[in-house]
Amino acid sequence: MAARETRKVTISVIADLAGVSVPTVSRVINGRSDVAPQTRQRVEELLSRHGYRRRPPSMRASSGLVDLVFNDLDSPWAVEIIRGVEDVAHGAGVGTVVSAIHRQNTSAEQWLDGMRRRGTEGVIFVTSMVEAPLQAELRRLDVPVVIVDADGLPAQEAPTIGAANWAGGLRATEYLIGLGHRRIGFIAGPPQLMCSRARMDGYRAALEAAGIAFDEALVCPGDFYHEAGFVGGGRLLGLADPPTAIFASSDQMALGVYEAVRRRGLRIPDDISVVGFDDLPEVRWCSPPLTTVRQPLSEMGMLAARTVLRLAKGEKVESPRVELATELVIRDSAAPAA
């Protein structure tokens, strides 16, 4: 039997023979109108000649798996997102494969090799930079992608799920201003993340609206982890004119600030007020319980899972960008300025 006859007929094979991209073949198969007539005719002839069997959208994927990809898995907020994805996937009879690619090319390549072998209904990336070669390969494989907390503006046409980070940063800072604080320290998140930049922009907007000058000396870099909060908190507390309140743009960094305050023999909120961002489960049990901005991490995971499963069935999504609301949760870590 000839080699051509034994070659598995896939969308990629048809695309190679037609000299077009995989998405173009997908558009022809799905009856989309945005394909040139000559290209459509050439692809249709090849599909017919090679006996390509078109499956209905509901049968598009049969792996029974969804891939959930993080840069790292050493943060409690990752557990909340996993919980949301798993709730939806389990209800749909789909398994969840959780991976961490550690911002290393070799890790990304290893994950991609594994994903090719097992197949997948779709991929959910969480705060991960989806590099161009990876985007191209996922498009070639016709794998739907959803991004949670995009690292930057995604180059591919992938739906993104996020939270109202700007509004959260604004509300937290407004709350401290309302308590009479005028020197408010801020510990930022990773600058490459859109969510980090939005939280800082909200902080600055609240200061400006209240007529308070932005002071770069009151802003410390951070990475969302405890040590950055401890270091930043120590630096702010060591200023000749220290702030009366600190807004840390993650709960983990806020807990780092707690330790910096404790080591100086100070008390929260008597000597300094602290506000965080995330509302992780453990912050209600720290002493004092942390006032923080709640971002709906589990709900973000649930929506991402629902979206990627809809895409796997060939369904359309209403909006390419969804932001879920944040809210300020007031507990005991902030008090009126002395």
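Two strands are taken to pair if DSSP finds at least two bridges between them. Helices (H or I, at least four residues) and strands (E, at least two) are DSSP runs, numbered from the N terminus. The structure is a predicted model, in which local features need pLDDT of at least 70 and side-chain atom pairs count only at pLDDT 80 or more, while totals for chains, interfaces and linings use all residues. Residues are numbered from 1 along each chain as its sequence is written, and side-chain values use heavy atoms, with hydrogens and water left out.

By the pairing criterion, strand E3 (residues 122-126) and E4 are joined in the parallel sense over 4 bridges, with Ile-124 opposite Val-146 in E4. Strand E4 is also linked to strand E5 (residues 160-163) by 2 bridges, again in parallel, and here Val-148 stands opposite Ile-161 in E5. Strand E5 in turn runs parallel to E11, to which 4 bridges join it; Ile-161 faces Val-322 across this pairing. These strands belong to an open sheet of 6 strands with the order E2-E1-E3-E4-E5-E11 and parallel pairing. Strand E2 (95-100) and strand E11 (321-324) form the edges; each has a single partner strand, so one side of each is left without a neighbour in the sheet. On average, neighbouring strands of this sheet are turned by 20 degrees against each other, direction ignored.

The residues of strand E4 (residues 145-148) alternate in direction: Val-145 and Ile-147 point one way, Val-146 and Val-148 the other, and all are buried. Buried here denotes under 20% relative accessible area, exposed over 50%, and partly exposed in between (1.4 Å probe, protein chains only). Helix H12 (residues 297-312) lies across strand E1 (65-70), E3, E4, E5 and E11, and runs at about 165 degrees to E4. Contact in this description requires heavy atoms within 4.5 Å. Axes are lines fitted to C-alpha atoms, for helices over the stretch in contact, and angles run from 0 to 180 degrees between N-to-C directions.

Strand E6 shows the alternating arrangement as well, with Ile-184 and Phe-186 pointing one way, Gly-185 and Ile-187 the other, and all of them buried. Strand E6 pairs in the parallel sense with strand E8 (residues 245-248) over 4 bridges, and 2 bridges join E6 to E7, also in parallel. Ile-187 stands opposite Ala-248 in E8 and opposite Cys-220 in E7.

Helix H4 (residues 37-49) contains 13 residues, which at 1.5 Å a residue should span 18 Å; its end C-alpha atoms are 18 Å apart, in agreement with that value. The expected span is 1.5 Å times one less than the number of residues. The buried residues of H4 are Thr-39, Val-43, Leu-46 and Leu-47. Viewed down the axis of H4, these residues fall within an arc of 100 degrees, so they line one face of the helix. The arc is that of the directions from the helix axis to the C-beta atoms. An α-helix has 3.6 residues a turn, so residues three or four places apart point the same way. On the other side of H4, Pro-37, Gln-38, Gln-41, Ser-48 and Arg-49 are exposed. Just after H4, Gly-51 adopts a positive phi of about 65 degrees.

A search of the whole structure finds 12 salt bridges, each defined as a side-chain nitrogen of Lys or Arg within 4 Å of a carboxyl oxygen of Asp or Glu. One of them links the side chains of Arg-294 and Glu-299 (3.0 Å, N to O). Arg-294 is partly exposed at 26% relative accessibility, as is Glu-299 at 32%. Salt bridges that share partners join Asp-113, Arg-116 and Glu-137 into one network. Within this network, the side chains of Arg-116 and Asp-113 meet at 2.7 Å, N to O. Both residues lie in helix H6 (residues 105-118), 3 residues apart, about one turn of the helix. Arg-116 is partly exposed at 38% relative accessibility, and Asp-113 is partly exposed with a relative accessible area of 38%.

A further salt bridge is formed by the side chains of Arg-183 and Asp-215 (3.6 Å, N to O). Arg-183 lies in the loop between helix H8 (165-178) and strand E6 (184-187), and Asp-215 in the loop between helix H9 (194-209) and strand E7 (219-220), so the pair ties together parts that are 32 residues apart in sequence. Arg-183 is partly exposed at 23% relative accessibility, and Asp-215 is partly exposed at 28%.
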